[in-house]
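Work through the following exercises with the sequence and the model open side by side. Each task is followed by a solution that proceeds step by step.

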Amino acid sequence: MLRLAALGLLLASAVTLSSSAVVLENGLPNLWSQTASQVTELPIQDGILTPNPWNYLNRQSLYRLMIAGTDPYLTYMGTTQTENPFWGLALQLGWMQTSGRLADPSGSTTCGLQTGDAMCISPESFWGCMNYFTSALPFLSAAQQGFLGENIQIKLQGVAGVEGFCTTYTECSASYSDAMTKWDAFFQALKPTSESTLPDNEKKDSILGLYWTAQMATTYVSSTCSVKKSHYSAEEQSFADSWLDSAEYVAAAHFHSNLEKSVLFLNPLPSRILRAGDASPNIADLTEEENYSLTIFSWMKNINTVLGRTHNHKQNGKHLQSGSLSPKGGSMVRMWKGAMCSVTTREKGKELLEQLLTNPSFPTATFLSFITEMTTSC
């Protein structure tokens, strides 16, 4: 715990990219000290654990418990106590909470507002909806696979009058079988991978591949949340779409979403919901880094669209079926996925993404030339 506290203090003092949108309380996710460190600290009824995923502290507890349950099998991931890939999702949830993205965007309730129940996560929030699936599904799978203790039964609390959110392992498996199967595969691989004689970098790449496969499968099924984007400005909707597209890049590169790396990617994200008229890089009340990250997201979205149109034009000229733009990204996304074909190229890809998203002096042309070069070599 002393090592963890020291790392937290180091990160807290080192991070100056924005206000405390992500890193709070000695570098750990927002209000981490108030979350459950044992499953017995969660609500329980008739011997069944009943955490409330519509309460920020309860939902963040799901991540804390998954991290604690899987850490013993991830010692090859790195040298610190915060190498677990679930730190990325925990920090992401913290950013959503501190930036106001978990509050009711319709204005019909005070859920999530500082003047109401600040710990409430609104079912009307697009962000809260997306994160529901990336917290509930892996947590229920982890419990089913024995990583939270023996014979743990869980039924997540729901919201009266709200449907579309599964609450048990059986229910989620029936509704989202592909995503749950992939989470089961990830958790089932943890022990044998930790005992494998493969080099640590190969074990790390393999387990992160399974992790991102499960997370992306979950993101795809949670597309039902898209209807909730209508509550937001066109600027926030565009940012949300770009945020979803960015997941395709980090997933293909098997990004190591430990605490330290995730801070670098999440800290420059906008510290408030975007409003009508917000146009980066000139949003006055956002930091230079936040403006830069929004500009890069916009560039990636635009170049992806341009490449997609060019590709479709060529395809149509050859009298082939169009349909070439994947619902999971345009041409640049496909090119990037093609370039991430080996452990070596994925390592280079991770370094490139870090430079692109955090270094304003990094030339975007270098990003495109890398994709072209790596796609050719693959």
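**Exercise 1. Locate Thr305 and describe its surroundings.**

Begin with the secondary structure: Thr305 belongs to helix 10, which spans residues 288–317, where helices (H or I, at least four residues) and strands (E, at least two) are DSSP runs numbered from the N terminus. The model is a predicted one, in which local features need pLDDT of at least 70 and side-chain atom pairs count only at pLDDT 80 or more, while totals for chains, interfaces and linings use all residues. Residues are numbered from 1 along each chain as its sequence is written, and side-chain values use heavy atoms, with hydrogens and water left out.

Next, turn to accessibility: Thr305 has a relative accessibility of 34% and therefore counts as partly exposed. The scale calls a residue buried under 20% relative accessible area, exposed over 50%, and partly exposed in between (1.4 Å probe, protein chains only). Finally, compare sequence with space: Thr305 and Ser331 are 26 residues apart in sequence, and their C-alpha atoms are 7.6 Å apart.

**Exercise 2. Treat Ser298 in the manner of Thr305.**

Ser298 has its place in helix 10. With 33% relative accessibility, Ser298 counts as partly exposed. From Ser298 to Ser280 the separation is 18 residues in sequence and 8.9 Å in space, C-alpha to C-alpha.

**Exercise 3. Find the disulfides of the structure and give the handedness of each.**

A search of the whole structure finds three disulfides, a disulfide being a pair of cysteine sulfur atoms within 2.5 Å. Take them in turn.

- Cys111 is joined to Cys120 with an S to S distance of 1.9 Å. The torsion about their S-S bond is about -90 degrees, so this disulfide is left-handed. Cys111 and Cys120 are both buried.
- Cys129 is joined to Cys225 with an S to S distance of 2.0 Å, and this link, with -75 degrees about the S-S bond, is left-handed. The pair connects distant parts of the chain, 96 residues apart, since Cys129 sits in helix 4 (residues 126–144) and Cys225 in the loop between helix 7 (200–221) and helix 8 (234–252). Cys129 and Cys225 are both buried.
- Cys166 and Cys172 form a disulfide with their sulfur atoms 2.0 Å apart, and with 95 degrees about the S-S bond this link is right-handed. Both of these residues, Cys166 and Cys172, are buried.

**Exercise 4. Describe how helix 3 packs against helix 4.**

First take the geometry: helix 3 (residues 86–98) and helix 4 pack at an angle of about 150 degrees with their axes 11 Å apart. Here the axes are lines fitted to C-alpha atoms, for helices over the stretch in contact, and angles run from 0 to 180 degrees between N-to-C directions. The angle makes helix 3 roughly antiparallel to helix 4, on a scale where angles under 35 degrees count as roughly parallel, over 145 as roughly antiparallel, 65 to 115 as roughly perpendicular and the rest as oblique.

Then list the residues that make the contact (heavy atoms within 4.5 Å): helix 3 contributes Phe86, Leu89, Leu93, Trp95 and Met96, and helix 4 contributes Trp127, Asn131, Thr134 and Pro138. Sorted by character, the residues of this contact are seven nonpolar, two polar and no charged. In that sorting, Ala, Val, Leu, Ile, Met, Phe, Trp, Tyr, Cys and Pro count as nonpolar, Asp, Glu, Lys and Arg as charged, and the others, Gly among them, as polar.

**Exercise 5. Analyse helix 12 and helix 13 by the steps of the previous exercise.**

The axes of helix 12 (residues 343–358) and helix 13 (residues 364–377) come within 10 Å and cross at roughly 165 degrees. Helix 12 is therefore roughly antiparallel to helix 13. The residues in contact include Leu352, Leu353 and Leu356 of helix 12, and Phe367, Phe370 and Met374 of helix 13. The contact of helix 12 with helix 13 divides into six nonpolar, four polar and one charged residue.

**Exercise 6. Are Thr35 and Gln60 buried or exposed, and what does each touch?**

Thr35, in the loop between helix 1 (2–14) and strand 1 (44–45), is buried with a relative accessible area of 5%. Beyond four places in sequence, Thr35 touches Glu41, Leu57, Gln60, Ser61 and Arg64. Gln60, in helix 2 (residues 56–70), is buried at 0%. Among its contacts beyond four places in sequence are Pro29, Trp32, Thr35 and Leu93.
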